[in-house]
Number of protein chains: 2
Amino acid sequence: MTSTEKLGTERMNTERTPLRPTRQRTAVAQALASVDDFRSAQDIHDLLSRAETPVGLATVYRTLNALVEAGEVDMLRTEDGEAIYRRCSETHHHHLVCRSCGATIEVEGPAVERWTTAIAAEHGYSEVSHALEIFGTCGSCRS
Amino acid sequence: MTSTEKLGTERMNTERTPLRPTRQRTAVAQALASVDDFRSAQDIHDLLSRAETPVGLATVYRTLNALVEAGEVDMLRTEDGEAIYRRCSETHHHHLVCRSCGATIEVEGPAVERWTTAIAAEHGYSEVSHALEIFGTCGSCRS
DNA sequence: CGTACTTTGACAATCATTCTCAACAAGCCG
DNA sequence: CGGCTTGTTGAGAATGATTGTCAAAGTACG
(Lines give C-alpha, C1' and ligand atoms only; values in the text may rest on other atoms or scores of the structure.)
Protein backbone atom coordinates (compact mmCIF):
# COMPACT_ATOMS: atom_id res chain seq x y z
CA MET A 1 0.00 0.00 0.00
CA THR A 2 1.34 3.39 -0.89
CA SER A 3 1.26 6.10 1.69
CA THR A 4 -0.95 8.16 -0.47
CA GLU A 5 -3.94 6.13 0.60
CA LYS A 6 -3.81 7.45 4.10
CA LEU A 7 -3.82 11.14 3.32
CA GLY A 8 -6.80 12.77 4.92
CA THR A 9 -10.09 10.95 4.65
CA GLU A 10 -11.65 11.99 7.89
CA ARG A 11 -14.82 10.54 9.19
CA MET A 12 -16.97 13.35 10.41
CA ASN A 13 -18.36 13.07 13.88
CA THR A 14 -21.94 14.09 13.31
CA GLU A 15 -23.13 14.01 16.91
CA ARG A 16 -22.36 10.30 17.22
CA THR A 17 -22.11 9.20 20.81
CA PRO A 18 -23.81 11.01 23.66
CA LEU A 19 -20.39 11.78 25.19
CA ARG A 20 -20.80 11.54 28.93
CA PRO A 21 -19.21 14.16 31.20
CA THR A 22 -16.76 12.44 33.51
CA ARG A 23 -14.14 13.46 36.04
CA GLN A 24 -11.26 12.71 33.66
CA ARG A 25 -12.76 14.56 30.74
CA THR A 26 -13.21 17.72 32.73
CA ALA A 27 -9.72 17.30 34.16
CA VAL A 28 -8.22 17.23 30.67
CA ALA A 29 -10.28 20.24 29.66
CA GLN A 30 -9.08 22.15 32.70
CA ALA A 31 -5.48 21.24 32.07
CA LEU A 32 -5.81 22.63 28.58
CA ALA A 33 -7.43 25.75 29.94
CA SER A 34 -4.54 26.33 32.31
CA VAL A 35 -1.88 26.71 29.67
CA ASP A 36 -1.46 29.03 26.72
CA ASP A 37 0.77 27.11 24.42
CA PHE A 38 0.78 23.80 22.62
CA ARG A 39 1.39 20.70 24.72
CA SER A 40 1.79 17.06 23.85
CA ALA A 41 -0.54 14.41 25.19
CA GLN A 42 2.25 13.23 27.45
CA ASP A 43 2.67 16.75 28.82
CA ILE A 44 -1.00 16.89 29.67
CA HIS A 45 -0.77 13.50 31.28
CA ASP A 46 2.16 14.66 33.42
CA LEU A 47 0.36 17.85 34.33
CA LEU A 48 -2.62 15.90 35.57
CA SER A 49 -0.45 13.45 37.46
CA ARG A 50 1.39 16.21 39.26
CA ALA A 51 -1.91 17.83 40.06
CA GLU A 52 -4.39 15.95 42.18
CA THR A 53 -6.22 14.50 39.21
CA PRO A 54 -4.35 11.66 37.56
CA VAL A 55 -5.82 10.39 34.32
CA GLY A 56 -4.64 7.37 32.37
CA LEU A 57 -2.50 8.13 29.36
CA ALA A 58 -4.81 6.25 27.02
CA THR A 59 -7.71 8.29 28.27
CA VAL A 60 -5.80 11.50 27.72
CA TYR A 61 -5.26 10.52 24.11
CA ARG A 62 -8.87 9.52 23.68
CA THR A 63 -10.16 12.73 25.18
CA LEU A 64 -7.77 14.91 23.26
CA ASN A 65 -8.77 13.33 19.98
CA ALA A 66 -12.41 13.70 20.83
CA LEU A 67 -11.88 17.38 21.54
CA VAL A 68 -10.05 17.81 18.27
CA GLU A 69 -12.89 16.22 16.35
CA ALA A 70 -15.33 18.38 18.21
CA GLY A 71 -13.35 21.38 17.02
CA GLU A 72 -12.58 22.60 20.52
CA VAL A 73 -8.90 21.89 20.34
CA ASP A 74 -6.24 22.53 17.72
CA MET A 75 -3.79 19.79 16.93
CA LEU A 76 -0.67 20.19 14.91
CA ARG A 77 2.58 18.33 14.53
CA THR A 78 6.09 19.32 15.48
CA GLU A 79 8.78 18.79 12.90
CA ASP A 80 9.51 15.37 14.32
CA GLY A 81 5.91 14.29 13.98
CA GLU A 82 4.73 14.53 17.56
CA ALA A 83 1.16 15.72 17.99
CA ILE A 84 0.65 18.78 20.16
CA TYR A 85 -2.64 20.25 21.34
CA ARG A 86 -4.05 23.58 22.42
CA ARG A 87 -7.53 24.87 23.09
CA CYS A 88 -8.61 27.21 20.34
CA SER A 89 -11.07 29.84 19.37
CA GLU A 90 -14.09 29.06 17.24
CA THR A 91 -13.08 30.78 14.07
CA HIS A 92 -10.72 29.36 11.52
CA HIS A 93 -7.21 30.62 12.11
CA HIS A 94 -3.53 29.83 11.94
CA HIS A 95 -0.66 29.92 14.40
CA LEU A 96 2.49 31.90 14.85
CA VAL A 97 4.61 29.72 17.09
CA CYS A 98 7.89 30.55 18.79
CA ARG A 99 10.46 27.94 17.95
CA SER A 100 12.19 28.09 21.30
CA CYS A 101 9.58 28.84 23.95
CA GLY A 102 6.47 27.73 22.15
CA ALA A 103 4.58 30.98 22.72
CA THR A 104 1.67 30.98 20.32
CA ILE A 105 -0.34 33.70 18.68
CA GLU A 106 -3.44 32.96 16.67
CA VAL A 107 -3.59 34.87 13.42
CA GLU A 108 -6.15 35.20 10.70
CA GLY A 109 -5.54 35.73 7.03
CA PRO A 110 -8.62 36.06 4.91
CA ALA A 111 -6.38 36.62 1.92
CA VAL A 112 -4.73 33.28 2.44
CA GLU A 113 -8.06 31.51 2.71
CA ARG A 114 -9.16 33.05 -0.55
CA TRP A 115 -5.90 32.28 -2.24
CA THR A 116 -5.87 28.60 -1.31
CA THR A 117 -9.46 28.14 -2.42
CA ALA A 118 -8.78 29.89 -5.68
CA ILE A 119 -5.61 27.96 -6.43
CA ALA A 120 -7.32 24.67 -5.69
CA ALA A 121 -10.33 25.46 -7.84
CA GLU A 122 -8.03 26.55 -10.62
CA HIS A 123 -6.53 23.07 -10.65
CA GLY A 124 -9.84 21.30 -10.38
CA TYR A 125 -9.59 20.36 -6.71
CA SER A 126 -12.68 20.43 -4.49
CA GLU A 127 -13.41 19.99 -0.78
CA VAL A 128 -10.38 22.07 -0.02
CA SER A 129 -8.77 22.34 3.38
CA HIS A 130 -5.37 23.65 4.28
CA ALA A 131 -2.79 23.83 7.01
CA LEU A 132 -0.59 26.83 7.64
CA GLU A 133 1.74 27.31 10.56
CA ILE A 134 4.34 30.01 10.97
CA PHE A 135 7.45 29.42 13.03
CA GLY A 136 9.83 32.05 14.30
CA THR A 137 11.74 33.31 17.30
CA CYS A 138 9.80 35.63 19.56
CA GLY A 139 11.10 38.85 21.01
CA SER A 140 11.85 37.56 24.50
CA CYS A 141 13.72 34.55 23.21
CA ARG A 142 15.98 36.54 20.94
CA SER A 143 18.26 37.61 23.78
CA MET B 1 10.81 18.21 28.88
CA THR B 2 7.90 19.96 27.30
CA SER B 3 7.25 19.39 23.65
CA THR B 4 7.83 23.02 22.92
CA GLU B 5 11.56 22.51 23.15
CA LYS B 6 11.68 20.43 20.06
CA LEU B 7 9.94 22.80 17.71
CA GLY B 8 12.18 23.66 14.80
CA THR B 9 15.83 24.28 15.55
CA GLU B 10 17.42 22.83 12.47
CA ARG B 11 21.12 22.40 12.12
CA MET B 12 22.17 23.57 8.71
CA ASN B 13 24.36 21.27 6.70
CA THR B 14 27.00 23.71 5.48
CA GLU B 15 29.01 21.34 3.33
CA ARG B 16 29.87 19.16 6.31
CA THR B 17 30.80 15.67 5.26
CA PRO B 18 32.25 14.80 1.84
CA LEU B 19 29.19 12.61 1.10
CA ARG B 20 30.40 9.70 -0.94
CA PRO B 21 28.39 8.55 -3.96
CA THR B 22 27.38 4.94 -3.45
CA ARG B 23 25.18 2.40 -5.11
CA GLN B 24 22.42 2.76 -2.53
CA ARG B 25 22.39 6.51 -2.62
CA THR B 26 21.91 6.61 -6.36
CA ALA B 27 19.28 3.89 -6.07
CA VAL B 28 17.23 5.99 -3.68
CA ALA B 29 17.62 9.03 -5.90
CA GLN B 30 16.42 7.05 -8.90
CA ALA B 31 13.47 5.66 -7.02
CA LEU B 32 12.43 9.19 -6.16
CA ALA B 33 12.89 10.24 -9.74
CA SER B 34 10.61 7.47 -10.95
CA VAL B 35 7.49 8.64 -9.12
CA ASP B 36 5.53 11.85 -9.14
CA ASP B 37 3.84 11.88 -5.78
CA PHE B 38 4.82 11.74 -2.16
CA ARG B 39 6.03 8.39 -0.82
CA SER B 40 6.97 7.20 2.62
CA ALA B 41 10.41 5.84 3.43
CA GLN B 42 8.90 2.39 3.65
CA ASP B 43 7.38 2.80 0.19
CA ILE B 44 10.76 3.68 -1.24
CA HIS B 45 12.30 0.74 0.54
CA ASP B 46 9.70 -1.59 -0.96
CA LEU B 47 10.17 -0.09 -4.40
CA LEU B 48 13.89 -0.75 -4.22
CA SER B 49 13.37 -4.28 -2.94
CA ARG B 50 11.01 -5.15 -5.73
CA ALA B 51 13.45 -3.69 -8.20
CA GLU B 52 16.87 -5.23 -8.51
CA THR B 53 18.45 -2.83 -6.06
CA PRO B 54 17.57 -3.61 -2.44
CA VAL B 55 18.69 -1.03 0.10
CA GLY B 56 18.47 -1.39 3.86
CA LEU B 57 15.62 0.46 5.50
CA ALA B 58 17.94 2.37 7.80
CA THR B 59 19.93 3.52 4.81
CA VAL B 60 16.81 4.65 3.03
CA TYR B 61 15.96 6.82 6.03
CA ARG B 62 19.49 8.16 6.26
CA THR B 63 19.63 9.00 2.58
CA LEU B 64 16.20 10.56 2.52
CA ASN B 65 17.03 12.80 5.46
CA ALA B 66 20.29 13.79 3.86
CA LEU B 67 18.46 14.75 0.70
CA VAL B 68 15.97 16.77 2.67
CA GLU B 69 18.71 18.69 4.41
CA ALA B 70 20.39 19.24 1.09
CA GLY B 71 17.14 20.76 -0.13
CA GLU B 72 16.73 18.29 -2.95
CA VAL B 73 13.70 16.60 -1.48
CA ASP B 74 10.51 17.86 0.14
CA MET B 75 9.29 16.18 3.28
CA LEU B 76 5.92 16.68 4.83
CA ARG B 77 3.73 14.76 7.23
CA THR B 78 0.42 13.05 6.67
CA GLU B 79 -2.31 13.71 9.16
CA ASP B 80 -1.25 10.72 11.17
CA GLY B 81 2.30 11.95 11.43
CA GLU B 82 4.04 9.77 8.92
CA ALA B 83 6.81 11.42 6.94
CA ILE B 84 6.47 11.36 3.17
CA TYR B 85 9.03 12.47 0.60
CA ARG B 86 9.15 13.75 -2.94
CA ARG B 87 11.82 15.28 -5.12
CA CYS B 88 11.20 18.98 -5.54
CA SER B 89 12.10 22.01 -7.54
CA GLU B 90 14.62 24.53 -6.34
CA THR B 91 12.34 27.41 -5.51
CA HIS B 92 10.32 27.76 -2.39
CA HIS B 93 6.79 26.50 -2.94
CA HIS B 94 3.81 24.76 -1.42
CA HIS B 95 1.76 21.72 -2.31
CA LEU B 96 -1.75 21.06 -3.43
CA VAL B 97 -2.28 17.40 -2.59
CA CYS B 98 -5.18 15.16 -3.51
CA ARG B 99 -6.59 13.56 -0.43
CA SER B 100 -7.49 10.30 -2.13
CA CYS B 101 -4.93 9.62 -4.83
CA GLY B 102 -2.05 11.76 -3.62
CA ALA B 103 -1.58 13.61 -6.89
CA THR B 104 0.51 16.65 -6.11
CA ILE B 105 0.85 20.05 -7.71
CA GLU B 106 3.49 22.52 -6.62
CA VAL B 107 2.17 26.01 -6.22
CA GLU B 108 3.73 29.34 -5.43
CA GLY B 109 2.22 32.22 -3.57
CA PRO B 110 4.39 35.29 -3.24
CA ALA B 111 1.54 36.99 -1.44
CA VAL B 112 1.51 34.33 1.23
CA GLU B 113 5.24 34.62 1.72
CA ARG B 114 4.91 38.34 2.21
CA TRP B 115 1.94 37.99 4.49
CA THR B 116 3.60 35.52 6.85
CA THR B 117 6.73 37.58 7.08
CA ALA B 118 4.74 40.71 7.78
CA ILE B 119 2.52 39.11 10.41
CA ALA B 120 5.52 37.64 12.16
CA ALA B 121 7.41 40.92 12.19
CA GLU B 122 4.32 42.66 13.45
CA HIS B 123 4.38 40.43 16.51
CA GLY B 124 8.12 40.71 17.03
CA TYR B 125 9.05 37.30 15.66
CA SER B 126 12.24 36.86 13.67
CA GLU B 127 13.86 34.05 11.67
CA VAL B 128 10.51 33.22 10.24
CA SER B 129 9.69 30.04 8.36
CA HIS B 130 6.35 28.57 7.52
CA ALA B 131 4.57 25.48 6.33
CA LEU B 132 1.53 25.52 4.08
CA GLU B 133 -0.12 22.54 2.50
CA ILE B 134 -3.44 22.45 0.73
CA PHE B 135 -5.52 19.30 0.64
CA GLY B 136 -8.46 18.60 -1.62
CA THR B 137 -10.02 16.09 -3.95
CA CYS B 138 -8.76 16.21 -7.50
CA GLY B 139 -10.93 16.08 -10.59
CA SER B 140 -10.33 12.45 -11.48
CA CYS B 141 -11.07 11.26 -7.97
CA ARG B 142 -14.37 13.06 -7.71
CA SER B 143 -16.21 10.44 -9.77
C1' DC C 1 -31.78 -2.23 42.70
C1' DG C 2 -30.87 -4.06 37.75
C1' DT C 3 -29.87 -4.18 33.19
C1' DA C 4 -27.50 -2.02 29.09
C1' DC C 5 -24.06 0.61 27.66
C1' DT C 6 -20.09 3.90 28.05
C1' DT C 7 -15.67 4.85 30.12
C1' DT C 8 -11.45 3.89 32.28
C1' DG C 9 -6.72 2.29 32.96
C1' DA C 10 -2.87 -0.94 33.20
C1' DC C 11 -0.47 -3.05 29.92
C1' DA C 12 0.39 -5.21 25.58
C1' DA C 13 0.82 -4.30 20.75
C1' DT C 14 1.88 -1.34 16.62
C1' DC C 15 4.55 1.24 13.84
C1' DA C 16 7.65 4.64 12.18
C1' DT C 17 12.04 6.04 13.03
C1' DT C 18 16.62 5.90 15.09
C1' DC C 19 20.53 3.64 17.22
C1' DT C 20 24.29 0.13 17.53
C1' DC C 21 28.05 -2.01 15.81
C1' DA C 22 30.51 -5.26 13.24
C1' DA C 23 31.46 -6.08 8.34
C1' DC C 24 32.54 -3.25 4.17
C1' DA C 25 33.93 -0.15 0.52
C1' DA C 26 36.45 4.05 -0.91
C1' DG C 27 40.15 7.28 -1.14
C1' DC C 28 44.90 7.82 -0.37
C1' DC C 29 49.84 6.87 0.30
C1' DG C 30 54.07 4.75 -0.41
C1' DC D 1 49.72 -3.95 -4.89
C1' DG D 2 49.05 -4.11 0.82
C1' DG D 3 47.77 -1.18 4.38
C1' DC D 4 45.29 2.65 6.74
C1' DT D 5 41.77 5.78 7.81
C1' DT D 6 37.33 6.94 7.51
C1' DG D 7 32.62 7.21 5.64
C1' DT D 8 28.82 3.64 4.68
C1' DT D 9 25.84 -0.22 5.09
C1' DG D 10 22.44 -3.38 7.09
C1' DA D 11 20.41 -6.57 10.47
C1' DG D 12 18.45 -6.26 14.38
C1' DA D 13 17.72 -4.02 18.87
C1' DA D 14 15.94 0.09 20.99
C1' DT D 15 12.97 4.07 21.36
C1' DG D 16 8.89 6.59 21.65
C1' DA D 17 4.43 8.05 20.42
C1' DT D 18 0.06 6.27 19.74
C1' DT D 19 -3.53 2.78 19.71
C1' DG D 20 -5.70 -1.68 20.93
C1' DT D 21 -7.37 -5.03 24.63
C1' DC D 22 -10.32 -6.24 28.07
C1' DA D 23 -11.83 -6.74 32.63
C1' DA D 24 -13.41 -3.65 36.26
C1' DA D 25 -15.96 0.54 37.41
C1' DG D 26 -19.26 4.29 36.38
C1' DT D 27 -23.65 6.13 34.58
C1' DA D 28 -28.36 6.39 32.86
C1' DC D 29 -32.74 5.18 33.70
C1' DG D 30 -36.67 2.31 34.18
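This is a short chat about the core and the chain interface of a predicted model.

Trainee: What are the ground rules here?
Mentor: Residues are numbered from 1 along each chain as written, chains are lettered from A in the order written, and side-chain values use heavy atoms, without hydrogens and water. In this predicted model, local features need pLDDT of at least 70, side-chain atom pairs count only at pLDDT 80 or more, and totals for chains, interfaces and linings use all residues.

Trainee: Which residues touch the most other members of the largest nonpolar core?
Mentor: A:Leu96, A:Trp115, A:Tyr125, B:Leu96, B:Trp115 and B:Tyr125, out of 22 residues. A nonpolar core joins buried (under 20% relative accessible area, 1.4 Å probe, protein chains only) Ala, Val, Leu, Ile, Met, Phe, Trp, Tyr and Cys residues through side-chain atoms within 4.5 Å.

Trainee: What is A:Leu96 in contact with, beyond four places in sequence?
Mentor: Its contacts (heavy atoms within 4.5 Å) include A:Ile105, A:Ile134, B:Ile119 and B:Tyr125.

Trainee: Switching to the interface. How many residues of chain B are in contact with chain A?
Mentor: 57, and they meet 57 residues of chain A. The chains bury about 4,800 Å², 58% of it on carbon and sulfur atoms; that is accessible area (1.4 Å probe) lost on being put together, summed over both.

Trainee: How many salt bridges between chain B and chain A?
Mentor: Zero, taking a Lys or Arg side-chain nitrogen within 4 Å of an Asp or Glu carboxyl oxygen.

Trainee: And by class, what does the side of chain B that touches chain A have?
Mentor: 22 nonpolar, 21 polar and 14 charged residues, where charged is Asp, Glu, Lys and Arg, nonpolar is Ala, Val, Leu, Ile, Met, Phe, Trp, Tyr, Cys and Pro, and polar is the others, Gly among them.

Note on methods. Buried means under 20% relative accessible area, exposed over 50%, partly exposed in between (1.4 Å probe, protein chains only). Buried area is the accessible area (1.4 Å probe) that two parts lose on being put together, summed over both.
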